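Q: Please take a close look at one part of this predicted model and describe it element by element. Begin with a single pairing, then work outward to its surroundings and to the loops beside them.

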Amino acid sequence: PKSGNTWLARLLAEITQSEMESSNTVDSADNSAMRRRGGHLICKRHDSVKEFSLEDVPIVYIIRDVRDVLVSAFFFNNRFVTEDLVKLDSNLRGIKRLLYRLYFWNQIRRMNRQWCGNELTVLRNWIHGRKSTVGSWSEHVESWVKDSRVIVVKYEDLLCDAVGELKKILGFLEIDVDDGILEEAISNQSFKKKKSKFMDTGDFENMKFLRSGKQGGWREFLS
């Protein structure tokens, strides 16, 4: 989670003109996806290898600097906390700053041990019978990168050279696409454009999936 898999899945869905299968509302927010009739199905998952139920399919695994992952997940799970409250150079002083920093570090440590959201999220998931954990980040990564069905993509590389990385992925998937289609999809699915679209339509539920998307943002919060 929080490693760019939503962005990558939407890119591949648009490039191949195929539908997406996902439980997240942000992935179905683009109604045009329901009119796509490509010959593929893009399935987005957070599962571990042991939980993955699809067989004999190529898998694209995206990995991101875990420090950025943890910071992004903190704000996703704790939307009542604004960035200014927990930044290293926060203007807060005294006991209020100390309490927010302690809460921030407690949540980061919890997610580092076992990905499960904050305590309220765990309780809500338990009440509704939903799975509340992804598991150890390290074990999750190690289990997938060793799988022969997998091509591993770095989020940072995709940010720096989206066309080049998408070509590698499509080559692995044995899909031939013109550069113009790649560039159009990259433009349409850009962080800035999607966030602006959600803001313009008042879709704040899906806008919560998009915070900054930048590389190295952890330096503002972790020492």
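**From a strand pair to the helical core**

A: Within strand β4, Lys-154 is the bridge partner of Ile-63. Strand β4 covers residues 150–154 and runs parallel to β3, with 5 bridges joining the two; strands count as paired when DSSP finds at least two bridges between them. Strand β3 spans 59–63. Because 4 of its 5 residues are buried (under 20% relative accessible area with a 1.4 Å probe, protein chains only; exposed is over 50%, partly exposed in between), β3 is largely enclosed by the rest of the structure.

This pair belongs to a predicted model, in which local features need pLDDT of at least 70 and side-chain atom pairs count only at pLDDT 80 or more, while totals for chains, interfaces and linings use all residues. Residues are numbered from 1 along each chain as its sequence is written, and side-chain values use heavy atoms, without hydrogens or water.

The protein chain as a whole has 12 helices and 4 strands, taken as DSSP runs (H or I of at least four residues, E of at least two) and numbered from the N terminus. Of its 223 residues, 43% count as buried. Among contacts (heavy atoms within 4.5 Å) with a separation of 6 or more, 60% are between residues 24 or more positions apart.

Next, the helical part. The largest nonpolar core (buried Ala, Val, Leu, Ile, Met, Phe, Trp, Tyr and Cys residues joined through side-chain atoms within 4.5 Å) has 19 residues. Those that touch the most other members are Leu-8, Leu-12, Ile-15, Leu-166 and Leu-170. Two or more residues come from each of α1, α8 (155–160), α9 (162–173) and α10 (179–188). Helix α1 gives the largest share, 6 residues. A separate second core, of 15 residues, includes Leu-85, Val-86, Met-111 and Leu-222. In soluble globular proteins, nonpolar side chains tend to be buried together.

Which residues does Leu-166 touch, beyond those up to four places away in sequence? Its partners are Leu-8, Leu-11, Leu-12, Ile-15, Leu-158, Leu-182 and Ile-186.

Helix α10 also holds Ala-185, which is buried at a relative accessible area of 1%. With neighbours within four places in sequence left aside, Ala-185 is in contact with Leu-11, Glu-14 and Ile-15. The Ala-185 and Leu-11 C-alpha atoms are 6.1 Å apart in space, although 174 residues separate them in sequence. Leu-11 is thus listed as a partner of Leu-166 and of Ala-185, and Ile-15 likewise appears for Leu-166 and for Ala-185.

Two loop residues beside these helices deserve a separate look. Gln-17 sits in the loop between α1 and β1 (19–21), and its phi is positive, about 55°, although Gln-17 is not a glycine. Gln-17 is partly exposed, at a relative accessible area of 39%. Glu-174 lies in the loop between α9 and α10; this residue is not a glycine either, yet its phi is positive at about 60°. Is Glu-174 buried or exposed? Glu-174 is exposed, with a relative accessible area of 74%.
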